[in-house]
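Some notes on the model follow, in numbered points. Please read them with the structure open.

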Amino acid sequence: MAIEYVTGKNKGRVVLYALSTCGWCNKTKELLREMGIEFSYIYVDLLDGQGREDVISAMEKWNPRGSFPTLVINDKHCIVGFHEDEIREALGK
Amino acid sequence: MNFFGVTEPEVERVYKRLFAEAEGGGYHLNPDLEFTRNLLRGYIRNEQRYGYPSCPCRLASGKRDDDLDIICPCDYRDSDLDEYGACYCALYVSDDILAKTRILGPVPERRPPRRERGQAGTAMIAPGPSLLPEALPYPIWRCKVCGYLCARDQPPGVCPVCKAKKDRFERFL
């Protein structure tokens, strides 16, 4: 599994870096689904080798601490952690 | 969240064990049962795939020495409980979160980014020159998870307070 796409309202390029085991990543994913946003998500723990390294490096440009969930919106805005209000504000309406 | 190979009886068994250990040591599991059981599925999944239950909300390398600080309970739990009322993944919560006098919010990551992390395998090395007289009859060992101290030739196999394993101890004095 590399990238999973979820269809919905197009708000630009919305990418969620997540872990398959993480409760907060799961909450973030469910919030995006509930909001009906089109997004893609990557379970970084399921990647290995160079593929994992490349994804982590791309994510660290936005979130140098390398923590999850990291949500990148339109290659412009990054939200680290399950901040429901911030996510709703960035992608609502 | 559902994982292949993680059964509900196992989730229940792990929940009961961690609950008893937590309460016995003055800690509390998150009372949001659905959320907590979800975390435990990740905890068990990590135990299965890595051989140790690393934090479900952090990326493990799969090398125990590099992941020691994030094996649950992690080295950062107590500091985060003090400051935010929950550990990073929120498996453990403080008294005030349990009593609902404080609202649980996201806990920022306290673990240093990977470039700033220490070298693996430093756990048993004494921190610099000892401040104490040479005459100390036993070395003092500190549990990096809960701060428990003991004076004996080697650290205990399992921390009597938080149940962390021997390799989570550091030479304190």
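Which domains does the domain assignment of chain B give?

1. The model is a predicted one. For chain B, the assignment gives domain 1 as residues 8–116 and domain 2 as residues 123–173. The C-alpha centres of domain 1 and domain 2 of chain B are 23 Å apart.

2. Where the domains of chain B meet, seven residues of domain 1 contact eleven residues of domain 2. On the domain 1 side of chain B, the touching residues comprise four charged, two nonpolar and one polar.

3. Between the chains, 16 residues of chain A contact 16 residues of chain B. The chain A side of this contact is made up of seven nonpolar, seven polar and two charged residues.

4. Chain A holds an open sheet of five strands, ordered S1-S3-S2-S4-S5, with mixed pairing. Why is one side of S1 and of S5 of chain A left without a neighbour in the sheet? Strand S1 (4–6) and strand S5 (77–80) of chain A stand at the edges and have a single partner strand each, so one side of each has no neighbour in the sheet. Ignoring direction, neighbouring strands of this chain A sheet are turned by 20° against each other on average.

5. Within the chain A sheet, strand S2 (residues 14–18) and strand S3 (residues 39–43) of chain A pair in the parallel sense, over four bridges. Ala18(A) has Tyr43(A) as its bridge partner in S3(A).

6. Two helices of chain A are worth inspecting against this sheet. Helix H1 (residues 23–35) of chain A packs on the sheet and touches S1, S2, S3 and strand S4 (70–73) of chain A. The direction of H1 of chain A makes about 155° with that of S2(A). Helix H2 (residues 49–62) of chain A also packs on the sheet, where H2 touches S2, S3, S4 and S5 of chain A. For H2 of chain A, the angle between its direction and that of S4(A) is about 75°. S2, S3 and S4 of chain A are thus touched by H1 and by H2.

7. Chain B has an open sheet of three strands in the order S4-S3-S5, and the pairing is antiparallel. Strand S4 (149–151) and strand S5 (169–171) of chain B are the edge strands, each pairing on one side only. From one strand to the next, the twist of this chain B sheet averages 30°.

8. Which residue of S4(B) does Arg142(B) stand opposite? That residue is Leu149(B). Strand S3 (residues 140–143) of chain B pairs with S4(B) in the antiparallel sense, over three bridges.

Definitions and conventions:
Residues numbered from 1 in each chain as written. Chains lettered and ligands numbered in written order. Predicted model: local features only at pLDDT ≥ 70, side-chain atom pairs only at ≥ 80, totals over all residues. Domains from an automatic or database assignment. Nonpolar A, V, L, I, M, F, W, Y, C, P; charged D, E, K, R; others polar. Pairing = 2+ DSSP bridges. Axes fitted to C-alpha atoms, helices over the stretch in contact; angles between N-to-C directions.
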